[in-house]
Amino acid sequence: PAKLARHLDEDLNESQRAAVTAPDGYNLILAGPGSGKTRVITYRVAFLIARGIPAQSILLVTFTRRAAREMVHRLETLVGPGAQKVWAGTFHAVGNRILRRPAHLLGYEPNFTILDGEDQLDLVKLAWQDAGLSGQAKLAPKPDEIMRLISLGLNTRQTLADLVAGPHPHLADWLPQIEKVAEAYAARKRAANCMDYDDLLGLWLKLIREFPDQLREQADLFRHILIDEMQDTNALQVETVETIAAAGAGNLTAVGDDAQSIYRFRGANYDNILEFPKRHPGSRTFMLDVNYRSTPQIVALTADSIRHNRSGFPKALTSARGDGLLPAVVATADVYEEADLVCQQVLEARDNDVPLGEVAVLYRNHYDSVVLQGELVTRGIPYSVRSGLRFFEQAHIKDVLAHLRVAVNPRDEASWRRLLLMLPGIGPAKAAALFGKIGDSPDPIAAMATKEAMDAVPAKTRGLYAAFVGDMRKLLATDPERHPAEAINAILKGGYPAVVRQKYERPENRLADLEQFAVLAARYDSLERLLAELLLAGDVYGMDTVASSDPKDVLVLTTVHQAKGLEWSHVFVIRLVEDSFPHLRAVNEPGGDEEERRIFYVAVSRAKNELTLTYPSTITRGGYGPMTFATPSRFLTELEPTLYERAELDREFLPLEDDRPRGGR
Ligand code: ATP
Ligand code: MG
């Protein structure tokens, strides 16, 4: 306790300390980025433990598992190993832990498993058939659309009827069928003893709503509840914790920044934070007004970036740090030069002793990182991707690479196998048998199309198979020296997109990835060279040499959404053009423009020392075809020009014999 008292004294400013040591009850801490909100909530847990509150009766909800681990780690240094007993984790992780024992009350066994996105879609498809929608396939809403609707309804506490009466009127005629799908899906999950992610929240609330003993038990257990990033909670999450707090000790501390609310698409609502005082009369609100993260220059730009939003609670921050550099805005000729610029500056920073792990590249859409990833691989700069799998490890990218590899080398067994297994109804044994025919033949395409081969394919797959053979015929007939972007575009015009739509979740994102892959490919002058450079870099088939190095020496690539709460010395925000950032679809939705601006605000506020904002002046779709001028993002043009400097790409730094074609052919 003496040690903690010293920490409370030395590590916090006065307003932070007031929040940390606030009396029991409902407390809200509402403050801008870098002001120490996460530090405050961590110290408050330590303060409670030091006051004698058992660690196991404290529930600390964070936005990511990583954040939870880091907070517990920090707690240990403050109060010792007892900190391990705190219930710290994401809403989903806590729900998972809570639901095990009483699972039987909800029709589950305690060893239920959790569905990932793909398994989930598979089950929804079956439920979709159960509900008789497959017979009306052309008109009926698709399984993935229904899946999203079910999820949105649950997370925002609206019924399916509410949703079709409100934001989804085009589905109104289908309401009874959609409800049937939802029921069939729930039944299938129970039968298989699986839950999806939403169930971890939805069934948790159901449990405490329908079983008073369960509510009592949890209210007695969680004497103190603390929530970080409250602005990104949804109605379901808030109702769950507030129900527990109200039934028990009534101790709830929430921390957040309404201007950083960026998960609207998952049902997050920043009113959860703004209306906290209304929902809890007598609660206290604390403000923090010093930013410890960023230089005054970055703080000033951050504040300016959100000025055009009408909604939101006004906050003024001053930086506790000494003067730094003005943020830089750089226009590059195209997306390749943008990737070059980032690589060049990352290497310069490393030469100046900034470890790669202190540098992050942020983007609005995962696919906006593809060209950069290609450049990083080619240059051998180690990087990790927080926003998902590394590009070349993703199934759909491997599928397309398999097409390309076969085009260059028709004897490539592993790639044929992958392609054949892509087709429904073809398993490992059939794929091996088919390859046996293809592999020995001087004309693999003819061998694939024989009657014997056709007969080996299950009847329902024959149509797809024939289309696939046709696509491969075209692909193999072409010159391996052909432009690789053309080859990828040919695949995208063939039968493969139908496979993506049928086989993978979030197919539209994957097709967008593939279009960016074509953009990346346009940089190489032949298919062989593309494959050689990408494959030799050891990046494609699991021989991942770079991700295994020390994380301190690995550049971070991440979407803004995955960057929340984090900070780096140097931050790049790339692809700041209209339609990318802000995202094309978002700006036409009501409230979309403000949501996108909050995403930009989160992005720029991650930087401690240096901030670089880049945009390509031209864009080509699919890597070839006419080049068009890109419009710089509104978030750049609306910035006060004195708050940044225009910088230029150091062209001398580029390799002189850079003979790679530059797209736009
Ligand atoms: P965000 O809104 O981005 O989540 P936050 O308000 O949670 O930010 P923190 O991450 O808690 O802010 O703090 C930002 C940085 O400032 C961290 O590196 C933290 O260690 C440091 N910091 C916070 N308070 C102080 C303080 N009183 N003295 C020195 N450093 C501090
Ligand atoms: Mg934080």
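**Exercise 1. Locate P582 and D579, and describe the backbone there.**

P582 lies in the loop between strand 15 (568-573) and helix 28 (592-604), where helices (H or I, at least four residues) and strands (E, at least two) are DSSP runs numbered from the N terminus. The model is a predicted one, in which local features need pLDDT of at least 70, side-chain atom pairs count only at pLDDT 80 or more, and totals for chains, interfaces and linings use all residues. Residues are numbered from 1 along each chain as its sequence is written, while chains are lettered from A and ligands numbered from 1 in the order in which they are written.

Step 1: the peptide bond that joins F581 and P582 is cis, with omega about 10°.
Step 2: D579 is also found in the loop between strand 15 and helix 28, and D579 has a positive phi of about 85° although it is not a glycine.
Step 3: most residues other than glycine have a negative phi, and most peptide bonds are trans.

**Exercise 2. Decide whether D353, D579 and D513 are buried or exposed.**

Step 1: take the cut-offs, by which a residue is buried if 20 or more other C-beta atoms (placed from the backbone) lie within 10 Å of its own, exposed if 12 or fewer, and partly exposed in between.
Step 2: D353 counts as exposed because it has 7 C-beta neighbours inside 10 Å; D353 sits in the loop between helix 16 (335-351) and strand 12 (359-363), and its phi is positive, about 65°.
Step 3: D579 has 17 such neighbours inside 10 Å, and therefore counts as partly exposed.
Step 4: D513, a residue of helix 26 (residues 507-521), is buried because 22 other C-beta atoms lie within 10 Å.
Step 5: leaving aside neighbours within four places in sequence, D513 is in contact with Y367, V370, H396 and I397, where contact requires C-beta atoms, placed from the backbone, within 7 Å.

**Exercise 3. Describe how helix 25 and helix 26 meet.**

Step 1: the axes of helix 25 (residues 496-503) and helix 26 come within 8 Å and cross at roughly 145°; axes are lines fitted to C-alpha atoms, for helices over the stretch in contact, and angles run from 0 to 180 degrees between N-to-C directions.
Step 2: P497, V500 and R501 of helix 25 make the contact with P507, R510 and L511 of helix 26.
Step 3: by class, this contact has four nonpolar, no polar and two charged residues, with Ala, Val, Leu, Ile, Met, Phe, Trp, Tyr, Cys and Pro counted as nonpolar, Asp, Glu, Lys and Arg as charged, and the others, Gly among them, as polar.

**Exercise 4. Relate G36 to the shell around ligand 1.**

Step 1: 17 residues surround ligand 1, and the closest are G36, K37, T38, R39 and Y292; a residue is near a molecule if its C-beta atom, placed from the backbone, lies within 6 Å of it.
Step 2: the shell divides into three nonpolar, eight polar and six charged residues, and its largest share, three residues, comes from helix 3 (residues 37-50).
Step 3: G36 itself is in the loop between strand 1 and helix 3, and it is buried because 25 other C-beta atoms lie within 10 Å.
Step 4: not counting residues up to four places away in sequence, G36 touches Q16, L288 and Y292.

Notes:
Contact = placed C-beta atoms within 7 Å.
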